[in-house]
Structures are given as C-alpha cells and as structure tokens.
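Work through the two exercises below with the model open. Each task is followed by a stepwise solution.

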Amino acid sequence: MHRAGPTPYWNTNVARHPGIFRTVPGGCGDALDVGCGDGLLARKLAGRVTGIDKSPRMISRARALATDDPRLTFVEGDFLTADLPDEGYDFICSVSAVPHMDFEAALVRMRELLRPAGTLVVVGLAREEGPAEWAVTIAAAPVVRITKVLRRAREPEGMPVTVPRMSYRQVRATARRLLPGVRHRRHVLRRYSLTWRKPGRAGT
C-alpha cells in the first residue's frame, strides 16, 4: 500500500516507486527507507515509516516536508551502525543508496532488521562488465534519453551522487548468496532491483 500524493519531481529513481509499492506486504505496520534522501518515497508509503540518511541536508529537508505527518520519523546517521531494532520492520526498501555503502554489509544489515515474512526491495545502479551488459545499455540509451527529456528528469538539490563500483554480475551473485531466493531484475532506465521475502518462523 502507499499514500496518494503529488510527485514534485521525476527521475530514474522515482520511476521505480510504483514497482516498490506493489511489493509492500499486506498489513505492513513498520517500514524502513534506507538512504531516504528528502523523504519522497517515505512520504508515499503507508503505515509507520522510518527514513535514514547520512546527509544532514537531506534529512533536514525530509523533516521539513513531513512536519504534519506523525507517521514519519527521519534519522540522520550511518545505516550500517545506527541504532535500529533487529527484526523491527515488515518492509525495508532502499533506492540508489547501496552504491554509497559496503554492498554486502548493507544487505546483511537489512536482512537482520527485517521481520520474518517481511519484504526487502533494493534498487541500485551498477557498472557494465563485458559485451553483453554493454549491449543492453547501448540498446536502451535512446529510450533513457527520450524519457528523461519528456519527463523533465531532475534530482533533488544537494542529493549525493557516486559512481557504482560493482558490476551487474557481481550484484546478482552477491545478492543470491546472501538472500536465498532473491528475485533480480535489470530495468531499462539503468537500474536493477532485488526483491526478497524473508522466511517466516517455523509454525507461522
């Protein structure tokens, strides 16, 4: 589920929001948005939502935009070391934040924070490696350019950027090792997504 509301800007990260909403488990009570930026995705999610980001500027903006919404909590800090409750969330999502972190450590932490039968969705950007991956990127380039122009793509002011260090192949292999049964997809607008449901406890 998600809350309806205007989208003040669009970019290739925002393009993945509808797919993320479709994965939120029914009856979700607590959600965590890792690398929440200005809180756009967190504001659209239903239930109690915690957003965490290392950028003081982004967290300040997120808090300013959510002053009238008691469901939302925004934490400034490093996701890998922040004081967050183990198995505290029914749903965890992260959009283009894992390239800023140690990928393996980030997935392990998300796995630990997710409740049994909860859902994890990670959207990221990786680098091309080898002719097959470059062929996909080159083929999609015209669509990406046209879509960005038509949708007037832009990033929030002050949003940190980074260059991806891992290839799509490395991302896929690491995710499959750490999250058995994870679903991996590569999207046209130069993003991949990982979707994983944590096993429930025995007898549930």
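Two strands pair if DSSP finds at least two bridges between them. Strands (E, at least two residues) and helices (H or I, at least four) are DSSP runs, numbered from the N terminus. The model is predicted: local features need pLDDT of at least 70, side-chain atom pairs count only at pLDDT 80 or more, and totals for chains, interfaces and linings use all residues. Residues are numbered from 1 along each chain as its sequence is written, and side-chain values use heavy atoms, with hydrogens and water left out.

**Exercise 1.** Place strand 2 (residues 48-53) among its neighbours.

*Solution.*
- Step 1. Strand 1 (residues 30-34) pairs with strand 2 in the parallel sense, over five bridges. Here Leu32 has Thr50 as its bridge partner.
- Step 2. Strand 3 (residues 72-76) runs parallel to strand 2, joined by five bridges. Thr50 faces Thr73 of strand 3.
- Step 3. From strand 2 the chain passes through helix 3 (residues 56-65) to strand 3, a right-handed β-α-β crossover (clockwise from the first strand over the helix to the second, with the strands pointing away from the viewer).
- Step 4. Five of the six residues of strand 2 are buried (under 20% relative accessible area, 1.4 Å probe, protein chains only), so the rest of the structure largely encloses this strand.

**Exercise 2.** Describe how helix 4 (residues 103-113) packs with helix 6 (residues 168-178).

*Solution.*
- Step 1. The angle is about 35 degrees and the axes lie 10 Å apart (lines fitted to C-alpha atoms over the stretch in contact; angles run from 0 to 180 degrees between N-to-C directions).
- Step 2. Contact (heavy atoms within 4.5 Å) involves residues including Phe103 and Leu107 of helix 4 and Val171 and Leu178 of helix 6.

Technical notes:
Buried means under 20% relative accessible area, exposed over 50%, partly exposed in between (1.4 Å probe, protein chains only).
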